Amino acid sequence: MSRLPAVLLTVTAAAVLAVGAALGIVALLDATPEQPNTPLITYETAGRER
């Protein structure tokens, strides 16, 4: 039974680390600015009147 506390501590530490990493990734993704949705190439149609 002496290994049980070590196992519980390891599992708890791993869970806390995983949650912290997930929250950090979400915070980094929210911190990046949104890119404009503008096309790089535009095609003009010949003979089309506006």
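**A single helix in the open**

The protein chain holds one helix and zero strands, and the description that follows rests on a predicted model. Across the 50 residues of the protein chain, 0% count as buried, while the accessible surface of the protein chain amounts to about 5400 Å², with 66% of that area belonging to carbon and sulfur atoms.

The helix, H1, takes in residues 3-31, which is 29 residues, and from its first C-alpha to its last it reaches 42 Å, close to the 42 Å expected at 1.5 Å a residue. Of these 29 residues the number buried is zero, so H1 lies largely in the open.

Beyond the helix, attention turns to the segment after H1, where isoleucine 41 is found. Isoleucine 41 has a relative accessible area of 57%, and because residues over 50% count as exposed, isoleucine 41 is classed as exposed. Together with Leu40 and Tyr43, Ile41 forms a nonpolar patch on the surface, and the accessible area of these residues together is about 480 Å².

How values were computed. Residues numbered from 1 in each chain as written. Predicted model: local features only at pLDDT ≥ 70, side-chain atom pairs only at ≥ 80, totals over all residues. Heavy atoms only, no water. Helix = DSSP H or I, 4+ residues; strand = E, 2+ residues; numbered from the N terminus. Buried < 20%, exposed > 50% of the residue type's maximum accessible area, 1.4 Å probe, protein only. Areas by Shrake-Rupley, 256 points an atom, 1.4 Å probe, with all protein chains shown as cover. Expected span 1.5 Å × (residues − 1). Patch = residues over 30% accessible without salt bridge, like charges linked within 9 Å, V, L, I, M, F, W, Y side chains within 5 Å. Salt bridge = Lys/Arg side-chain N within 4 Å of Asp/Glu carboxyl O.
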